[in-house]
Amino acid sequence: MKKTLLMMVTALMVVTTACSSSGGKSSSGTPAPTSAPAATTAGDANKEPVTLSIVAKDLLGDDPGVQKLIKGIEEGMKAEGKNIKLKVVPVQSGTYSEKLGLLLQSGNIPDLIYFQGGDYQFAVTQKILEDLTPFIDKSTNVKASMNVYNQERMKNYPYLLWLSPPNSAVPVVRQDWFDKTASGKELLANPTSDNYYTFFKELKEKSGAKYAYTTAGTLDELDVMFGQSFGLTSTWIKGADGKYTYGKTTQFEKDKLLFYAKMYKDGLLDPEFLTKKWDTKEKAFYDGQAAVMAGTQGKVIDIYNNKSVGQNGAAAKVMTLPPAKGKAQGYTPVDISKESRGFAIAKTSKNKDMAFAVLEYMAGQKGQMLDKLGVEGDEYQIVNNKIKLTDKFAAWFPHFVESTVNFKPDKEFDPSTPYFSEPASKSLQMFASMSTKDNSFVIPAELASKWDASAAKYREFAADLVTGKKSAADFDKFVQEWNAAGGKEMTEYANKTIK
């Protein structure tokens, strides 16, 4: 029933291509920095270690697991002739992006910096982040671990590197509940929005769930399934006149919201979807109150599957549902304007080559074995020449490379402890085969407030329309208010920016 990671990686390779070379220039055509990756020799391992400071959200210096990871990186790189010492820089508790910003503003700028928002001002406004293009061009492991979305994002914004599948969600349902329905088979053969509506009604009746679909506070997790089917194939929709219009102000959006309103009125959408948080959304699914929810492809789906099976039995494994088919078909279009998170190298670093060497090592097989699986004897064992994960593995997670594109262990996983469960592997495969690129772009600082104001107008109106406080007759007024809040300027900028 379960597949090994090696089989999964083979399936995923269809969506990867080799990263193109920029000939030693940045994406903007500026000369490459003088500190390009340099070769090191085994003799370097005998020299005094190069100290590299690193800051990351989940790298806590007093965490035993982090200490074990840091030690493994240092020993692994020294064995390859790169003698380094990693110094973890602490960040005050609180919102990570804000506390990191305060740290950097104070002048304490580590060599390696993990951002999870807040990077734009340091990359573009203050210009203290290094263009990673020449480093990647000369890399082996990093380049091989990039998927097509990583490649596109680096071309557009070459300051953050995050080797991970797109942080995009896919919807899942319990397999045992799906199997109880008669409409499920027809749904898979022809997943139109009407067939989904029929399926949701039967699913609710047969499973005993209180509602079919739950989300965590927004409509984004519904859009995962339905957005493209209503014609919302990108953030900005190109009209017959060749001009771009914000998708959420079009007739496509109006039709989609009216469909959601019907789901809400008929008890198929969680009545508390606006106030649900991640934990309460997931609890509703595990407890049988909700039949369908969405989660990030891959590892999150793995967690959903394990928890569902653990609480409800083996038959309650999750299965990934396809996106609805209509004017188009696909999960939410993938933003390729920039990485939303990832590692950067500071321009102030005196050891840029070695800083990138850490990322290069972690993208290699030995680095990925450590990052993904932990330490042999602790998080995994080799039993009968196969990788068998231990109970300790549940608390281990990758800090540097989430992608499995270039992960090729020399041993297979024991079938009883695969790296990814079958549903998690399937979610990656389905997303890879039914994903498209978006045409969104990085919002310039001078328009950020207008973008936020117009987005707030949309969220308010969408919630009111779905819950019945507003009607279709109010849509045109909403568009006017969206334009007045800053949408007009955003649309003008989009038409100048999108090529």
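This report describes the overall dimensions, one sheet, two helices and one hairpin of a predicted model.

**Overall form**

The protein chain comprises 19 helices and twelve strands. For its 499 residues, a compact globule would be expected to have a radius of gyration near 23 Å, and the 24 Å found for the protein chain agrees with that expectation. The C-alpha trace spans about 70 × 55 × 40 Å along its principal axes. Of the 499 residues, 53% are buried, and the accessible surface of the protein chain comes to about 22200 Å², with carbon and sulfur atoms supplying 51% of it. Among contacts with a separation of 6 or more, 77% join residues that lie 24 or more positions apart.

**The four-stranded sheet**

An open sheet with mixed pairing is built from four strands in the order β2-β1-β3-β10. Its edges are formed by β2 (84–88) and β10 (342–345), each of which pairs on one side only, and from one strand to the next the twist averages 25 degrees. Within this sheet, β1 (residues 50–55) and β3 (residues 112–115) run in the parallel sense and are paired over two bridges, with Val55 having Ile113 of β3 as its bridge partner. Helix α3 (residues 96–105) packs on the sheet, where it touches β1 and β3, and the direction of α3 makes about 150 degrees with that of β3.

**Helix α16 and the hairpin beside it**

Helix α16 (residues 365–373) is largely enclosed by the rest of the structure, because seven of its nine residues are buried. These buried residues are Gly367, Gln368, Met369, Leu370, Asp371, Lys372 and Leu373, a set in which Asp371 and Lys372 are included. The elements against which the buried residues of α16 pack are listed below.

| Element packed against α16 | Residues |
|---|---|
| α2 | 64–79 |
| α15 | 352–363 |
| β11 | 380–383 |
| β12 | 386–389 |

After α16 comes Gly374, which has a positive phi near 95 degrees.

Two of the listed elements, β11 and β12, pair with each other in the antiparallel sense over four bridges, and Ile382 has Ile387 of β12 as its bridge partner. The hairpin that they form has two residues between the strands, and Asn384 adopts a positive phi near 55 degrees there. Strand β12 presents two faces of unlike character: Ile387 and Leu389 lie on the covered face, whereas Lys386 and Lys388 lie on the uncovered one. Ile387 therefore appears both as the bridge partner of Ile382 and as part of the covered face of β12.

**Ser427 in helix α17**

Ser427 belongs to helix α17 (residues 422–433). With a relative accessibility of 0%, Ser427 counts as buried, since the criterion for burial is a relative accessible area under 20%. The side chain of Ser427 reaches the backbone oxygen of Ala424 at 2.6 Å. When residues up to four places away in sequence are left out, Ser427 touches Val170, Gln297, Gly298, Ile301 and Thr320.

Notes. Residues numbered from 1 in each chain as written. Predicted model: local features only at pLDDT ≥ 70, side-chain atom pairs only at ≥ 80, totals over all residues. Heavy atoms only, no water. Pairing = 2+ DSSP bridges. Axes fitted to C-alpha atoms, helices over the stretch in contact; angles between N-to-C directions. Contact = heavy atoms within 4.5 Å. Rg over C-alpha atoms; globule rule 2.2 N^0.38 Å. Buried < 20%, exposed > 50% of the residue type's maximum accessible area, 1.4 Å probe, protein only. Areas by Shrake-Rupley, 256 points an atom, 1.4 Å probe, with all protein chains shown as cover. Polar contact = N/O pair within 3.5 Å; in protein donor to acceptor, adjacent residues only side chain to side chain.
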